[in-house]
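Work through the following exercises with the coordinates open. Each task is followed by a solution in steps.

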Amino acid sequence: MCGIAGIIHTGDEHAPPSAQLLQAMIGSIRYRGPDEFGVYRDRNAGLVHARLSIIDLSGGQQPMSNEDGSLWIVFNGEIFNYIELRNELQSLGHRFRTQSDTEVIIHAYETWGNDCFRRFNGQWAFGLWDSKNRKLVLSRDRIGVRPLYVCEAHGKIWFASEVKAIFSDPEVPRRVDHRGLDQTFTYWTSLAPVSLFEGIEEIQPGSVRTYERNGSHSDRIYWRPQYSDPKEQYALPMADATEALREKLMHATELRMLRADVPVGSYLSGGLDSSVVAWMGRQAKKGSFQTFSLRFDDAEFDETSYQQLMSSQLDSVHHEVVISRSDIARVFPDVIWHTERPILRTAPAPLFLLSRLVRQSGIKAVLTGEGADEMLGGYDIFREAKIRQFWSRQPESVIRPRLFERIYPYLGRSPNQAKGMALQFWRQGLERAQLPGFSHEPRWFTTSSLKKFFSSDIRQSIGANPGPDVLSSLPAEFTAWDPLAQAQYLEVVTLLSGYLISSQGDRMLMAHSVEGRFPFLDSDVMEFCNGLPADYKLNILNEKYILKKVARGIIPDEIVKRQKQPYRAPDAISFIGPDAPEYVEEMLSEHALKESGLFDVAAVRGFYAKCAAKGKNAAASAAFGNSDNMALVGILSTQLMYRLFVSGGRPSPGDQCTFTTNIDRVLEHTEHATQENRL
Amino acid sequence: MNTTKEEIGLKVKGFIQENFIFNDKVLDPQESLLGSGTIDSTGILEVISFLELTYGIHFEDNELVANNFDSIAKIQSFMMQKLGGAGS
């Protein structure tokens with residue numbers, strides 16, 4: 001787990017990439033891999049690497065090359081099946097110098113070319129430089145667990161794990177991409193290749209981009225989520241499928257526990273998914289096992305009792321951190337420095353503090369339950385869609401919508417006013433039940449209503465040049481899938497890739513040099529889950545049905561049977577009131593709003609005043625509805641992003657890293673030339 | 001006190017403008033407040049509480065359906081009925 005960056009010159013008019021610039025680039029993301037730093041440089045390319053040593057501690061230094069020194073790689077992540085691939089490649093005649101998974105990628109690419117990616121079971125982002133053919137290959141794992149960005153201008157290509165490394169070059173312009181902003185205020189994320197910054201592209205998850213000698217490039221998608229055809233009979237009865245899932249998950253967890261030369265711990269949320277993963281992790285390896293949990297001052301968000309129940313069942317060394325509203329507000333600018341994009345909820349902030357605790361406890365890698373809800377139909381959005389689908393068949397029914405009380409028991413107890421309004425909300429768009437996107441319309445609609453705060457310039461710019469819509473690039477088979485599979489697909493390509501696994505995942509973990517490992521995102525587990533019939537996953541309205549069967553008997557019944565609690569943290573209320581940090585007022589000031597030009601100054605000032613007034617009310621946290629919460633967090637994080645990356649930016653700590661691996665073919669060449677001149 | 005439909009419309013419009021729109025965008029009185037994304041379901045409750053406080057009235061549970069509050073025009077007619085009914 002690491003940070004990577006590089007510069008390629010496609011023309012010959014430029015001087016070789018500067019070593020100082022490469023150092024600044026990798027220095028800006030040194031937290032991704034503070035153990036070792038390495039650089040490779042030739043006439044046309046520079047690659048840099050910051051290493052978090054987890055596999056082959058003594059031999060895995062990067063950049064690394066093939067036998068004849070023509071291919072060079074910088075790699076962030078893990079290929080968990082590298083031992084199997086290594087054996088296969090050895091039998092084909094390849095020789096290996098190290099025990100690392102990095103070397104396996106190089107030989108796999110040499111042997112199988114673009115077909116190598118589908119063979120990898122892992123989480124990766126890498127840049128591979130073919131110095132002979134002057135070709136650059138950039139690839140990311142299926143879901144996009146590891147980040148990768150690229151920028152092209154003036155005959156140069158920059159790439160890096162994070163945008164801030166690319167911005168280390170003053171030559172790269174810094175501007176907000178309005179399409180990325182518009183997408184964020186619809187889907188909660190920009191949709192790769194669009195990013196939040198003009199001219200910067202995000203490499204799409206599950207794809208490989210190849211730059212040729214002349215600078216032209218092509219993208220190839222090697223994987224997208226694929227679901228079974230509901231018309232085909234599924235082979236396995238429930239009991240057999242449960243056993244198969246248990247085996248696959250166990251294997252995925254073992255790979256993630258054992259393929260590390262450092263101890264691996266686990267997060268424990270108190271819910272089903274992380275409990276299953278932690279239990280399996282505990283089985284996979286003898287010895288002490290460390291678990292980590294978030295607790296909240298606000299009882300509404302706290303799950304302590306379940307976490308403690310599970311940790312005592314596991315007999316783990318358990319660590320916890322208690323999060324208050326003021327903690328969230330205090331670290332929020334640091335959180336945005338790491339997400340590099342706006343977020344609509346504060347939920348990443350506590351995870352920023354949790355990874356710090358992990359690091360302080362001496363652990364470099366953790367398992368988490370991320371991905372289970374997407375793979376096995378765990379979210380409320382899937383259940384809502386199913387009820388709305390059922391309701392749409394008889395829209396005048398007053399009985400059908402009562403099913404919402406099953407998934408939201410509070411509705412049954414609510415005054416009629418709240419219930420009536422909620423039903424009115426879910427009723428919208430019932431007539432579109434057969435169209436793609438039906439499941440996600442309520443979320444996209446609610447989020448899009450925040451665009452009323454955009455400035456008129458931004459609205460005009462988006463109107464004239466809208467970004468691609470997620471529904472415009474669906475796979476051809478999409479409409480043949482079951483409605484649950486359709487909703488799962490949309491959830492994976494938007495929220496999972498762009499928000500949960502990045503803003504709330506990799507970015508928060510790597511901020512404190514911790515690697516996340518996700519058994520539910522194992523490629524075999526994903527394929528298996530995607531092939532399951534819908535009712536094995538969402539049975540009537542019982543979510544993650546098959547996973548509960550796997551869990552029964554191994555984790556406490558209280559956890560298997562409990563009502564699912566979505567992970568949330570205090571949102572708008574964290575930034576309101578007498579204890580709010582000064583930067584909140586500053587970022588939402590007329591001056592700062594005018595400076596960014598992204599929002600309607602009067603609208604935001606009016607909204608902020610309303611929030612401040614609500615904050616004086618004792619029952620304040622209840623007073624902020626979903627839209628208020630998203631609006632305040634979204635606007636504040638956008639303003640912070642603008643200040644941190646566009647108008648200001650922090651000084652790069654590039655001089656703090658010293659290269660222990662230094663392959664400099666430019667100097668070698670120059671020295672050689674100088675010697676020749678002397679002769 | 002004789003409250004006219006126009007007065008109610010102006011007051012409600014002003015409240016919505018000040019608390020949900022925050023600028024001088026022209027509000028179409030027929031437009032669905034929920035359906036246009038102007039107000040979310042929590043926001044509608046704010047409108048309802050504003051009406052109760054402003055006019056010193058109380059809504060019964062069975063009156064609190066979206067159909068009575070989902071546009072300025074709907075609020076106007078429902079309020080006329082409510083106030084008229086209360087006065088007679």
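**Exercise 1. Domains**

Task: State which residue ranges make up each domain of chain A in this predicted model, and describe the contact of domain 2 with domain 4.

Solution.
- Step 1. The assignment gives domain 1 as 2-174 + 204-223 and domain 2 as 238-371 + 489-529 + 555-561. Domain 3 covers 380-485, and domain 4 covers 572-647.
- Step 2. Between the C-alpha centres of domain 2 of chain A and domain 4 of chain A the distance is 30 Å.
- Step 3. Domain 2 of chain A gives 15 residues to the contact, and domain 4 of chain A gives 16 residues.
- Step 4. On the domain 2 side, eight of these residues are nonpolar, two are polar and five are charged.

**Exercise 2. Confidence**

Task: Find the average pLDDT of chain A and state what contacts the model has for residues 674-679 of chain A.

Solution.
- Step 1. The average pLDDT of chain A is 93, and 96% of the residues score at least 70.
- Step 2. Over residues 674-679 of chain A, pLDDT stays under 50. For this stretch the model has zero contacts beyond four places in sequence.

**Exercise 3. Helix H26 of chain A**

Task: Check the span of helix H26 (residues 601-615) of chain A against its number of residues, then locate its buried residues around the axis.

Solution.
- Step 1. H26(A) has 15 residues, and at 1.5 Å a residue the expected span is 21 Å. The expected span is taken as 1.5 Å times one less than the number of residues.
- Step 2. The end C-alpha atoms of H26(A) are 21 Å apart, which agrees with the expected span.
- Step 3. The buried residues of H26(A) are A:Ala603, A:Val604, A:Phe607, A:Tyr608, A:Cys611 and A:Lys614.
- Step 4. Viewed down the axis, the buried residues of H26(A) fall within an arc of 125°, so they line one face of the helix.
- Step 5. The spacing can be set beside a general rule: an α-helix has 3.6 residues a turn, so residues three or four places apart point the same way.

**Exercise 4. The contact of chain A with chain B**

Task: Describe which elements of chain A touch chain B and how the residues on that side divide by type.

Solution.
- Step 1. Chain A gives 24 residues to the contact and chain B gives 20 residues.
- Step 2. The elements of chain A that supply two or more residues are helix H15 (416-427), helix H16 (441-448), H26 and helix H28 (626-647).
- Step 3. H15(A) has the largest share of the chain A side, eight residues.
- Step 4. By type, the chain A side divides into nine nonpolar, twelve polar and three charged residues.

**Exercise 5. Helix H2 of chain A**

Task: Identify the two faces of helix H2 (residues 82-91) of chain A and the elements that its buried residues pack against.

Solution.
- Step 1. A:Tyr82, A:Leu85, A:Arg86 and A:Leu89 are the buried residues of H2(A).
- Step 2. These buried residues cover an arc of only 105° around the axis, which puts them on the same side of H2(A).
- Step 3. On the face turned away from the buried side, H2(A) carries the exposed residues A:Asn87 and A:Ser91.
- Step 4. The buried residues of H2(A) pack against strand E5 (71-79) and helix H3 (101-112) of chain A.
- Step 5. A:Gly93, with a positive phi near 105°, follows H2(A).

**Exercise 6. Backbone exceptions**

Task: Locate the cis peptide bonds before A:Pro63 and A:Pro193, and decide whether A:Glu340 and A:Lys544 are buried or exposed.

Solution.
- Step 1. Background: most residues other than glycine have a negative phi, and most peptide bonds are trans.
- Step 2. A:Gln62 and A:Pro63 are joined by a cis peptide bond with omega about -5°. A:Pro63 is in the loop between strand E3 (45-51) and strand E4 (64-65) of chain A.
- Step 3. A:Ala192 and A:Pro193 are also joined by a cis peptide bond, with omega about 10°. The loop that holds A:Pro193 runs between helix H5 (178-187) and strand E10 (200-202) of chain A.
- Step 4. A:Glu340 is not a glycine, yet its phi is positive, about 60°. A residue is buried if 20 or more other C-beta atoms lie within 10 Å of its own. A:Glu340 has 22 such neighbours inside 10 Å and therefore counts as buried.
- Step 5. A:Lys544, again not a glycine, has a positive phi of about 50°. With 27 other C-beta atoms within 10 Å, A:Lys544 is buried.

Definitions and conventions. Residues numbered from 1 in each chain as written. Chains lettered and ligands numbered in written order. Predicted model: local features only at pLDDT ≥ 70, side-chain atom pairs only at ≥ 80, totals over all residues. Domains from an automatic or database assignment. Contact = placed C-beta atoms within 7 Å. Nonpolar A, V, L, I, M, F, W, Y, C, P; charged D, E, K, R; others polar. pLDDT = per-residue confidence, 0-100. Helix = DSSP H or I, 4+ residues; strand = E, 2+ residues; numbered from the N terminus. Buried ≥ 20, exposed ≤ 12 C-beta atoms within 10 Å, placed from the backbone. Arc of directions from axis to C-beta.
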